[in-house]
Amino acid sequence: MTSKSSPSTIRTVAERAGVSVATVSHVLNGTRHVSDALRARVEAAMRELDFVPSAIARSLKQRQTHTIGMMTPNSSNPYFAEIVQYVEDHGFGAGYHVVLCNSNDDPRRQSAYLQVLAERRIDGLVLVPTGDDATVLAQLDGLRMPVVLLDRPLAGMRFDAVCNDNRAGARLAVQHLVGLGHRRIGCIGDSPATAVSCEREAGWREVLAEAGLADQAPEVQYGHFTAQGGFDAMQRLLQQPQLPTAVFACNDAMAIGALGALAQAGLAAPADVSIVGYDDVDLAHWVHPALTTVAQPKQQMSRLAVDLLIERIERRRHEAQTRALAPSLVVRASSAAPRVAAAAPAL
């Protein structure tokens, strides 16, 4: 009898169950039908021997680990936290484990983690990329695995991508503010500017130009896609000789930071300045005032990214696809018609 202090192997399990090594392998890997009686004997033997199958050994034989990697640029951003949850839930439901990495918007960290993920023998990668497009594409070309870009497509890419129409979403936000009667509408963007932020800023500029309001808009203020970045950018907008009556922030984290800057200056939204964000994170419903924002179809995007990745992993499709999903506007309490413009506060 094999001692439990010694590592059990597939052979010792077979001996304990009174079956062949091949039968144990079929039970573990699902490679062939095994009767319920034999399966029960094998599983009982594994429990008695505390047998833990080697995922690495199985992956070498099957050439698949049923593990996918996911990398985001900022795990503290509520938007990325939510899409990670959706990717992980859908991946797990499809039989795949998810290994998560955070690049912290640092291209060097992203490169290092890409190498780590490749060494872990993941089957594929869901990536929200960081850095210039050419560098990221060069890094991805060496991975030799399926990749799906989520949220941030890359120019000249040869990979699947799932995103939302950022320009159209920004247009919804600014058209809403123009429709309320706002004429001096500011914008808070990301710095260094990501393609996503540039597209949203472009939508802001387009609507202002169409409404004949471009010459009334204050200069864009930039801050990282964080609450602190939005707070700092809003403070700079409040130092303008003439206050904006409304501000479009290119993500919800910055919009929430902008609300904080207003409160610190003794102002409020929407009485003094209307605020509109982008993403519709769960927190947007709970801040005060509740945030008007552009909703990305986060769950649909995440599920689609996983589905596209598994199609490539399982070789059911070979050509790359790009899916751009439509955003929608969610109107809450942070936006309203403007009142008489207030004087700039002393900061």
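These legends go with a set of close-up views of a predicted model.

**View 1. The largest cavity and its lining.**
Let us start inside the protein, where two cavities of 30 Å³ or more are counted. The largest cavity holds about 60 Å³ of space. Its lining is made up of Asn77, Tyr79, Phe80, Asp151, Arg152, Val196, Arg200, Phe225, Asn251, Asp279 and Gln296. Sorted by class, the lining of the largest cavity has four nonpolar, three polar and four charged residues. Helix H5 (78-93) gives at least two residues to this lining, and helix H9 (195-210) likewise gives at least two.

**View 2. Arginine 200 and the ring of tyrosine 278.**
Here we stay with Arg200, one of the residues lining the largest cavity. The charged end of arginine 200 sits over the ring of tyrosine 278, at 3.7 Å from the ring's centre. If you are looking for ring-to-ring partners as well, the count of aromatic pairs in the model is one.

**View 3. The second largest pocket.**
Next comes an open site, the second largest pocket, with about 380 Å³ of space. In total, 23 residues line this pocket, and nearest its centre lie Asp105, Thr130, Gly131, Arg152 and Thr194. Look out for Arg152 in particular: this residue lines the second largest pocket and is also found in the lining of the largest cavity. By class, the pocket lining divides into 11 nonpolar, eight polar and four charged residues.

**View 4. Tyrosine 86 on helix H5.**
Tyrosine 86 belongs to helix H5, a helix you have already met as a contributor to the lining of the largest cavity. Is tyrosine 86 buried, partly exposed or exposed? With a relative accessible area of 25%, tyrosine 86 falls between the 20% and 50% limits, so this residue counts as partly exposed. Beyond its neighbours within four places in sequence, tyrosine 86 is in contact with Lys298, Gln299 and Ser302. For a sense of scale, its C-alpha atom is 25 Å from that of aspartate 190, a residue 104 places away along the chain.

**View 5. Arginine 171 on helix H8.**
Our last stop is arginine 171, which is part of helix H8 (residues 166-180). Which residues does arginine 171 contact once its neighbours within four places in sequence are left aside? They are Gly203, Glu206, Val207 and Glu210. Leucine 329 is 158 residues from arginine 171 along the chain, and the C-alpha atoms of the two are separated by 9.9 Å.

Key: Residues numbered from 1 in each chain as written. Predicted model: local features only at pLDDT ≥ 70, side-chain atom pairs only at ≥ 80, totals over all residues. Heavy atoms only, no water. 1 Å grid on protein atoms, 1.4 Å probe; cavity = no way out; pocket = protein on both sides within 12 Å on 5 of 7 lines; lining within 4 Å. Points joined across faces, edges and corners; volume = space filled by probe spheres on them. Helix = DSSP H or I, 4+ residues; strand = E, 2+ residues; numbered from the N terminus. Nonpolar A, V, L, I, M, F, W, Y, C, P; charged D, E, K, R; others polar. Phe/Tyr/Trp six-rings, centres within 6.5 Å; stacked < 30°, edge-to-face > 60°. Lys NZ or Arg CZ within 6 Å of the ring centre and 35° of its normal. Buried < 20%, exposed > 50% of the residue type's maximum accessible area, 1.4 Å probe, protein only. Contact = heavy atoms within 4.5 Å.
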